[in-house]
Amino acid sequence: MSPAPDSTATARSAPDYPDKIDAAVLKVAGVVVLGSIMSILDITVVNVALPTFVEVFSTNPADPLPYSTVAWTITAYTLALATVIPLTGWAADRFGTKRLYMLALALFTLGSALCATADSIGMLVLFRILQGLGGGLLMPLGMTILTRAAGPQRMGRLMAILGVPMLLGPIFGPIIGGWLIDHYSWEWIFLINLPIGIVAISYAWFALPRDRPEPSESFDVIGMLLMSPGLAAFLYGVSSIPEEGTFFSAKVGVPATIGVLMLLSFVLYSFRPVHPLLDLRLFANRNLTVATITMFLFAASFFGALFLVPTYFQLVRGELPVDSGWLVAPQGLGAMVTMPIAGALADRFPVGRIAPFGLLLIVGGMFALTQVTADTSYWGYLIPVLFVMGLGMGATMMPIMTSALKTLTSHQVARGSTLLNITQQVASSIGIAVISVVYTNLLAEQPLAGPAIASWQNPSIADQIGGPAGVAQGLSQAAEAFADTFLVAAVLVSLTLIPALFLPRRREVSHLLDDAPGNSSDEPDPTVAPVVIH
């Protein structure tokens with residue numbers, strides 16, 4: 001083992017990261033948050049527009065487009081998002097994070113403008129794919145940029161900043177989307193991205209530091225041909241589960257099976273090239289492996305159940321999409337309370353002593369939701385429960401990501417964040433599909449639930465099921481289906497506690513600066529002493 005470098009050499013070669021979050025790093029964080037807000041907000045803002053798309057794009061009002069068709073405006077975006085994420089690590093090394101991030105912003109903004117011009121559902125789906133190509137690059141690139149800007153000792157606090165758009169998107173997406181459609185037109189849910197995108201591109205040009213791309217790595221063509229289509233086929237099958245109502249439909253099984261076989265082939269192949277498309281060798285890092293497993297179970301169970309809450313408000317309680325968005329807001333407020341606290345703690349204490357407490361809050365909140373009825377009090381029960389779950393989310397999600405990235409080298413961060421983003425995307429898709437099928441099947445077992453829910457839009461249906469008494473009984477049955485589905489989600493999220501117990505419980509040595517710019521072999525003094533995370 002080589003002797004430790006002297007302190008003078010270390011001081012010259014290591015970037016000087018102040019302990020506090022300073023203006024320079026906040027300037028960079030602002031660029032990343034703007035891009036992340038556009039990407040994540042767009043995922044949720046389109047949800048409330050699906051009925052409008054049916055009305056606008058149906059050529060024959062007597063034979064409207066099925067929801068499964070217009071739902072492709074969401075599915076196509078998600079598939080493009082997941083398909084391009086594996087390319088991020090190679091592209092960041094090849095072109096540099098600044099140029100690639102600005103390209104991603106431009107693609108997303110252009111896609112948004114084109115979506116507003118669509119005159120058919122096919123054109124809208126096509127332009128949503130272009131949006132997804134840009135959006136899929138924004139989040140992993142943003143994590144990479146922030147990680148390099150923050151340094152190892154401030155990663156927790158910076159990751160908490162990056163978590164803000166992750167929280168605000170699901171909360172304000174339905175609110176903003178519903179308001180724009182009600183007061184203007186559906187085109188504005190896409191046009192709103194134009195000024196944000198132009199500001200973000202201009203801001204990125206001045207705020208992001210120039211980086212030095214490393215174009216020496218060859219592009220893994222075989223890996224791309226296996227990974228990206230395999231991931232898209234798998235997610236296509238999974239996304240078709242709610243529409244088919246079963247896991248065993250050909251529309252689900254065939255593409256999902258093909259996707260799994262291609263992904264397994266990719267896994268076997270990926271250890272052969274020196275620079276694979278997705279570097280699975282990073283799983284030799286214990287922290288990354290444990291954090292990835294924890295993130296997968298957390299995202300599948302939590303985000304799978306998350307979409308049920310506004311659905312409950314709309315179907316059982318008869319709330320408008322805008323109002324249901326406001327009712328879910330306490331969850332985001334809770335997360336905003338604990339996220340900066342958890343971020344600061346993650347810079348000082350092992351993540352294994354933080355995240356499990358957040359998970360316990362989520363588990364408690366999820367089990368509390370198993371008691372919902374058709375008339376559960378908002379302020380006396382639901383809003384406090386959602387607030388507690390938000391506290392748990394804020395104390396869980398970003399510390400897990402911090403744990404995963406903290407001990408990677410600077411060169412590995414782009415590829416590590418790519419792994420995390422793919423994990424979260426795949427897990428969320430699986431979780432939503434599974435929870436959707438569970439809820440749909442439970443609801444189908446209740447004979448009066450469906451007609452009672454439909455009576456919100458068509459009051460004449462109430463007479464067919466026995467008037468107000470029949471509607472009340474049907475809504476009670478629908479609430480029971482929600483409660484039973486939340487029980488499934490609560491059990492699943494409880495399983496997340498198992499890998500969370502293996503998260504680091506001791507101080508870890510960070511290698512983030514080992515090959516950071518300024519410490520490469522062509523510099524006068526390349527040696528950097530390890531930095532201990534406190």
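Asp 279 counts as buried, because its relative accessibility is 17% and the cut-off for a buried residue is under 20%. In this predicted model, Asp 279 belongs to the loop that runs between helix H14 (250–269) and helix H15 (286–306). Its side chain reaches the backbone nitrogen of Arg 281 at a distance of 3.2 Å. When residues up to four places away in sequence are not counted, Asp 279 touches Arg 415 and Leu 419.

**The helix that follows the loop**

Helix H15 has 21 residues and reaches 29 Å from its first C-alpha to its last, which is close to the 30 Å expected at 1.5 Å a residue. At the N-terminal end of H15, Asn 285 acts as a cap, with a side-chain oxygen lying 3.0 Å from the backbone nitrogen of Asn 287. Of the 21 residues of H15, 16 are buried, so the helix is largely enclosed by the rest of the structure.

**The chain as a whole**

The protein chain has 25 helices and two strands, and 56% of its 534 residues count as buried. Among the contacts in the protein chain with a separation of 6 or more, 82% are accounted for by residues 24 or more positions apart. The chain exposes about 22,000 Å², of which carbon and sulfur atoms supply 68%.

In soluble globular proteins, nonpolar side chains tend to be buried together. Here the largest nonpolar core has 99 residues, and those with the most contacts inside it are Phe 298, Phe 302, Phe 313 and Met 366. Apart from this core lies another, of 26 residues, which includes Ala 29, Trp 90, Leu 105 and Leu 208. Returning to the largest core, Phe 302 touches Gln 331, Ile 362, Met 366, Met 389 and Met 393, again not counting residues up to four places away in sequence.

**A helix with two sides**

Helix H11, residues 193–207, has 15 residues and reaches 20 Å from its first C-alpha to its last, close to the 21 Å expected at 1.5 Å a residue. Within H11, the residues Asn 193, Gly 197, Ala 200, Ala 204 and Ala 207 are buried. Seen down the axis of H11, its buried residues fall within an arc of 115°, so they line one face of the helix. An α-helix has 3.6 residues a turn, so residues three or four places apart point the same way. On the other side of H11, Ile 198, Trp 205 and Phe 206 are exposed.

**Three buried residues in other helices**

Gly 223 is found in helix H12, residues 221–239, while Ile 241 is found in helix H13, residues 241–244, and Ala 449 has its place in helix H22, residues 449–454. Gly 223 counts as buried because its relative accessibility is 0%; Ile 241 counts as buried at 5%, and Ala 449 counts as buried at 0%. Each of these residues can be paired with a partner elsewhere along the chain, as the table sets out.

| Residue | Partner | Separation in sequence | C-alpha to C-alpha distance |
|---|---|---|---|
| Gly 223 | Pro 276 | 53 residues | 6.7 Å |
| Ile 241 | Ile 430 | 189 residues | 9.4 Å |
| Ala 449 | Glu 480 | 31 residues | 9.6 Å |

The contacts of these residues are given here with neighbours within four places in sequence left aside. Gly 223 is then in contact with Ser 228, Phe 266, Tyr 269 and Leu 277. Ile 241, for its part, is in contact with Thr 246, Phe 247, Val 252, Ala 433 and Val 437. Ala 449 touches Leu 443, Gly 474, Gln 477 and Ala 478.

Terms used
Residues are numbered from 1 along each chain as its sequence is written. This is a predicted model: local features need pLDDT of at least 70, side-chain atom pairs count only at pLDDT 80 or more; totals for chains, interfaces and linings use all residues. Side-chain values use heavy atoms; hydrogens and water are left out. Helices (H or I, at least four residues) and strands (E, at least two) are DSSP runs, numbered from the N terminus. Buried means under 20% relative accessible area, exposed over 50%, partly exposed in between (1.4 Å probe, protein chains only). A polar contact is a pair of N or O atoms within 3.5 Å; within protein, one must be able to donate a hydrogen and the other to accept it, and residues adjacent in sequence count only if both atoms are side-chain atoms. Contact means heavy atoms within 4.5 Å. Accessible areas come from the Shrake-Rupley method with a 1.4 Å probe; for residues, only the protein chains shown count as cover. A nonpolar core is a set of buried Ala, Val, Leu, Ile, Met, Phe, Trp, Tyr and Cys residues joined through side-chain atoms within 4.5 Å. The expected span of a helix is 1.5 Å times one less than its number of residues. The arc is that of the directions from the helix axis to the C-beta atoms.
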